[in-house]
Amino acid sequence: MTTRNAHRIALAGLKGGIGKTTIAIHLAVALARRGQRQLVVDLDPQGGIDLFFASGRLNGLADYLMDRVPISRALKRTPIDGLRLIGRGKLDPVDCPEFENALSRTSAIVDLIDLLDGRFDYIIMDLPCGLGA
């Protein structure tokens with residue numbers, strides 16, 4: 001049996017406040033309601049996806065990339081069938097440079113997407129704004 005690769009959608013913008021997190025959330029919900037298996041990954045240090053879906057500071061991408069938790073503890077269910085989430089996770093402001101360095105490693109995100117690829121129809125990534133690392 002051949003595994004199908006997920007469609008990958010990356011939402012990016014040069015400045016904050018343009019609505020990319022809102023678009024990521026609404027797109028994921030709309031596709032999930034159509035029966036598609038979704039994964040939303042919050043790569044933005046601001047953590048807007050976490051704020052929308054979670055009422056507390058949950059483990060997430062920062063915790064996984066900094067080797068604090070395995071991916072199974074970073075991947076979360078949402079109240080919406082077919083929609084999973086890897087939020088930003090616990091990130092103290094002093095750890096932002098370490099998080100950005102982990103994101104900028106050539107293979108970090110590619111390895112993560114490859115690890116989860118066959119489990120989802122779409123992987124939607126909310127990227128950090130700007131032209132930083």
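The exercises below, each with a worked solution, examine the sheet, helices, cores and some single residues of a predicted model.

Residues are numbered from 1 along each chain as its sequence is written, and side-chain values use heavy atoms, with hydrogens and water left out. Because the model is predicted, local features need pLDDT of at least 70 and side-chain atom pairs count only at pLDDT 80 or more, while totals for chains, interfaces and linings use all residues.

**Exercise 1. The sheet**

Determine the order of the strands in the sheet and state which strands lie at its edges.

*Solution.*
Step 1. Helices (H or I, at least four residues) and strands (E, at least two) are DSSP runs, numbered from the N terminus. Two strands pair if DSSP finds at least two bridges between them.
Step 2. Five strands form an open sheet with mixed pairing, in the order β1-β5-β2-β4-β3.
Step 3. β1 and β3 are the edge strands, since each pairs on one side only.
Step 4. The bridges give the detail. Strand β1 (residues 7-11) runs parallel to β5 and is joined to it by five bridges; here R8 stands opposite I123. Strand β2 (residues 38-42) is likewise parallel to β5, with five bridges, and D42 stands opposite D126. Four bridges link β2 to β4, again in parallel, with Q38 opposite L83.
Step 5. Two helices can now be placed. Helix α1 (residues 20-33) packs on the sheet and touches β1, β2, β4 and β5; its direction makes about 165° with that of β5. Helix α6 also packs on the sheet, touching β1, β2, β4 and β5, at about 155° to the direction of β5. Axes are lines fitted to C-alpha atoms, for helices over the stretch in contact, and angles run from 0 to 180 degrees between N-to-C directions.

**Exercise 2. Strand β5**

Explain why β5 is described as largely enclosed by the rest of the structure.

*Solution.*
Step 1. Buried means under 20% relative accessible area, exposed over 50%, and partly exposed in between (1.4 Å probe, protein chains only).
Step 2. In a regular strand the side chains alternate between the two faces of the sheet.
Step 3. On one side of β5, Y122, I124 and D126 are buried, and on the other I123 and M125 are buried.
Step 4. Five of the five residues of β5 (residues 122-126) are therefore buried, so the strand is largely enclosed.

**Exercise 3. Buried faces of helices**

Find which residues of α5 and α6 are buried, and where around each helix they lie.

*Solution.*
Step 1. In α6 (residues 108-116), the buried residues include A108, I109, L112, I113 and L116. They cover an arc of only 125° around the axis, which puts them on the same side of α6. The arc is that of the directions from the helix axis to the C-beta atoms.
Step 2. In α5, F99, A102 and L103 are buried. The buried residues of α5 fall within an arc of 100°, so they line one face of the helix.
Step 3. Among the elements covering the buried residues of α5 are α3 and α6. Contact means heavy atoms within 4.5 Å.

**Exercise 4. The nonpolar cores**

Identify the residues with the most contacts inside the largest nonpolar core, and the element that gives the most to it.

*Solution.*
Step 1. A nonpolar core is a set of buried Ala, Val, Leu, Ile, Met, Phe, Trp, Tyr and Cys residues joined through side-chain atoms within 4.5 Å.
Step 2. The largest core has 25 residues, and V41, L61 and I86 have the most contacts inside it.
Step 3. At least two residues each come from β2, α3 (61-65), α4 (71-74), α5 (96-104), α6 and β5. Helix α6 gives the most, with five residues.
Step 4. A second, separate core of 15 residues includes V29, F53, L85 and Y122.

**Exercise 5. Cysteines and a positive phi**

Decide how many disulfides the model has, and describe D67.

*Solution.*
Step 1. A disulfide is a pair of cysteine sulfur atoms within 2.5 Å; the count is zero.
Step 2. The sulfur of C129 is 12 Å from the closest cysteine sulfur, in C96, too far for a bond. C96 is partly exposed at 22% relative accessible area, and C129 is partly exposed at 29%.
Step 3. Most residues other than glycine have a negative phi. D67 is not a glycine, yet has a positive phi of about 60°.
Step 4. D67 lies in the loop between α3 and α4 and is exposed, at 72% relative accessibility.
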